[in-house]
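Here is a short briefing to keep beside the viewer while you look around. Have the sequence open as well, and take the topics in whatever order suits you.

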Amino acid sequence: MRALIAFVAALAVVAANAPVPTGKVICYYDSKSYVRESQARMLPLDLDPALSFCSHLVYGYSGVHPDTYKMVPLNENLDVDRSHANYRAITNFKSKYPGMKVLLSVGGDVDTEDPQKYNLLLESPQARTAFVNSGVLLAEQHGFDGIDLAWQFPKIKPKKIRSTWGSIWHGIKKTFATTPVDDKEPEHREGFTALVREMKQALSLKPNMQLAVTILPNVNASIYIDVPAIINHVDYVNLEAFDYYTPERNPKEADYTAPVYTPQNRNEHQNANAAVSYFLQAGAPSYKIVLGISTLARTWKLDSESEISGVPPIHTDGPGEAGPYTKIEGILSYPEVCAKLINPNHQKGMRPHLRKVTDPSKRFGTYAFRLPDDSGEGGLWVSYEDPDTAGQKAAFVKSKNLGGVSIVDLSMDDFRGLCTGDKYPILRAAKYRL
Ligand SMILES: *[C@@H]1O[C@H](CO)[C@@H](O)[C@H](O)[C@H]1NC(C)=O
């Protein structure tokens with residue numbers, strides 16, 4: 001008996017001394033990149049130079065069928081049909097990188113058809129069962145090592161920017177109750193806990209299947225995530241602590257999209273440190289927390305009313321113009337930003353380059369801007385992550401003993417090495433500082 005106790009105690013010591021799983025690098029692959037044009041088009045093969053840096057590769061995204069609540073491919077033709085079969089193309093990388101886990105993510109803010117279904121699913125045990133069973137099957141059939149629930153919870157309302165008249169009106173209006181985003185918050189919180197538990201149970205019947213939860217940008221985790229109830233069921237929680245400001249949510253004012261700490265006079269909840277603190281204070285082991293780093297720059301138009309200092313928060317006039325390759329208003333990929341930071345020979349007829357403003361405190365991030373010309377055109381303000389700030393975030397992760405970082409996503413990093421010749425500079429910088 002005593003020997004047995006000693007043996008069990010020895011096992012406990014071994015368990016306690018087992019290396020905690022830190023240093024994760026969770027690499028997101030956004031399948032939309034497959035259908036972009038020219039330089040922005042990324043094929044599965046282009047992932048190869050990234051993968052030796054990735055502990056996980058996550059396929060974004062699958063969705064929820066609005067009638068059956070089953071987990072389904074969002075683009076059958078691209079994802080699963082024989083012509084492209086990207087699910088398989090992605091999971092096949094495991095033969096070259098056997099240590100890497102490949103997960104299938106669901107939601108991710110790209111499953112936009114009938115958005116209420118994410119709430120309704122949580123309210124119905126039958127819908128949850130349909131989702132869980134179909135999800136496990138889908139993952140298994142295509143060789144995935146697990147599922148990432150990037151759940152599309154209702155988002156917090158963006159800050160309103162008012163004109164002077166508006167603020168007088170607001171003073172009157174304040175007496176009226178504001179409508180809540182979600183009038184069934186407690187029910188959705190409980191439903192999500194149940195979903196995580198049920199998904200874990202189903203996955204644990206299969207060998208080596210992982211379960212992750214991703215908190216999407218502007219989802220208030222303190223409303224929806226019961227940390228003590230879910231944390232033991234998940235391998236990690238990925239906090240997408242970015243896009244606090246975007247040109248869609250905040251067309252009239254630009255600000256740092258992903259600060260590590262609270263800039264002066266800002267909402268103290270909207271930064272990476274606050275997002276992480278909520279989970280730590282609720283009892284999550286630090287090694288289960290992964291901090292998201294966005295490779296996508298947010299851009300706004302500056303106009304003649306914008307403060308000429310460029311210092312945020314700054315008045316803006318909606319999203320900046322689309323990039324030459326990604327072609328989405330208000331968004332630039334990292335290589336599109338870096339091309340705008342240089343204008344060789346100050347060529348005539350070209351817009352002047354953007355002036356980059358770094359943050360010596362390493363707390364808020366980098367931005368770059370260009371004031372409008374005399375006719376009021378061409379003004380641009382960009383908040384973005386570069387290799388330096390990505391490295392700072394990784395250093396923050398390391399200093400807090402967190403589980404690692406996620407790169408969201410690889411297709412918006414400089415996967416061709418157009419900036420300096422190095423492929424995937426943001427991913428590399430983050431990995432290097434972990
Ligand atoms: C999130 O919800 C909590 C209440 O659960 C609230 O105190 C907090 O202000 C909210 N955060 C944001 C950024 O709206």
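Does I147 count as buried or exposed? I147 counts as buried, because its relative accessibility is 0%. Please keep in mind that this is a predicted model. The chain has 434 residues, 52% of them buried, and holds 14 helices and 16 strands.

**The chain as a whole**

- The accessible surface of the chain is about 20500 Å², and carbon and sulfur atoms account for 54% of that surface.
- Taking contacts between residues at least 6 apart in sequence, 74% of them join residues at least 24 apart.

**Around the ligand**

- I156, N220, S222, I223, N267 and H269 surround the ligand.
- Sorted by class, this shell contains two nonpolar and four polar residues, with no charged residues.
- N220 places a polar side-chain atom 2.3 Å from an oxygen atom of the ligand.
- For S222, a polar side-chain atom lies 3.3 Å from a ligand oxygen atom, and for H269 the corresponding distance is 3.4 Å.
- On its own the ligand has 360 Å² of accessible area, and the protein covers 53% of it.

**Nonpolar cores**

- In soluble globular proteins, nonpolar side chains tend to be buried together.
- The largest nonpolar core here has 106 residues, and the members that touch the most others are L57, F131 and L149.
- Beyond its neighbours within four places in sequence, F131 is in contact with ten residues listed here in chain order: V64, Y69, K70, M71, V106, L121, L149, W151, L195 and M199.
- There is also a second, separate core of eleven residues, with A254, I314, V357 and W381 among them.

**Two buried strand residues: I147 and V102**

- I147 sits in strand β5, which spans residues 146-150.
- Apart from neighbours within four places in sequence, the contacts of I147 include M71, L103, L104, G135, V136 and A139, and also M199, L203, Q210, L211 and A212.
- I147 and Y59 are 88 residues apart in sequence, yet their C-alpha atoms are 9.5 Å apart in space.
- V102 belongs to strand β4, residues 101-107, and counts as buried because its relative accessibility is 0%.
- Not counting residues up to four places away in sequence, V102 touches L57, I90, T91, K94, F144, D145 and G146.
- From V102 to A139 the C-alpha distance is 9.7 Å, with their positions 37 residues apart in sequence.

**Two buried threonines: T295 and T193**

- T295 lies in the loop between β9 (289-294) and β10 (296-301).
- Is T295 buried or exposed? At 1% relative accessibility, T295 counts as buried.
- The T295 side chain reaches the backbone oxygen of D409 at 2.7 Å, and D409 is also one of the residues that T295 touches.
- Other residues touched by T295, leaving out those up to four places away in sequence, include S333, Y334, I407, V408, M412, D413 and I426.
- T193 is part of helix α8, residues 185-203, and with 9% relative accessibility T193 is buried too, since the cut-off is under 20%.
- A polar atom of the T193 side chain lies 3.1 Å from the backbone oxygen of R189.
- Setting aside residues up to four places away in sequence, T193 touches D226, A229 and I230.

**Helix α14**

- Helix α14 covers residues 425-433, and P425, I426, L427, A429 and A430 are buried in it.
- What do the buried residues of α14 pack against? Their partners are β1 (24-30), α2 (48-51), β9, α12 (334-340), α13 (387-399) and β16 (404-408).
- I426, one of these buried residues, is among the residues that T295 touches.
- K431 is found in α14 as well, and K431 is partly exposed, with a relative accessible area of 34%.
- Beyond neighbours within four places in sequence, K431 is in contact with V25 and F53.
- K431 and G391 are 40 residues apart along the chain, and 7.7 Å separates their C-alpha atoms.

Note on methods. Residues numbered from 1 in each chain as written. Predicted model: local features only at pLDDT ≥ 70, side-chain atom pairs only at ≥ 80, totals over all residues. Heavy atoms only, no water. Near = heavy atom within 4 Å. Polar contact = N/O pair within 3.5 Å; in protein donor to acceptor, adjacent residues only side chain to side chain. Areas by Shrake-Rupley, 256 points an atom, 1.4 Å probe, with all protein chains shown as cover. Nonpolar A, V, L, I, M, F, W, Y, C, P; charged D, E, K, R; others polar. Core = buried A, V, L, I, M, F, W, Y, C linked by side-chain atoms within 4.5 Å. Buried < 20%, exposed > 50% of the residue type's maximum accessible area, 1.4 Å probe, protein only. Contact = heavy atoms within 4.5 Å. Helix = DSSP H or I, 4+ residues; strand = E, 2+ residues; numbered from the N terminus.
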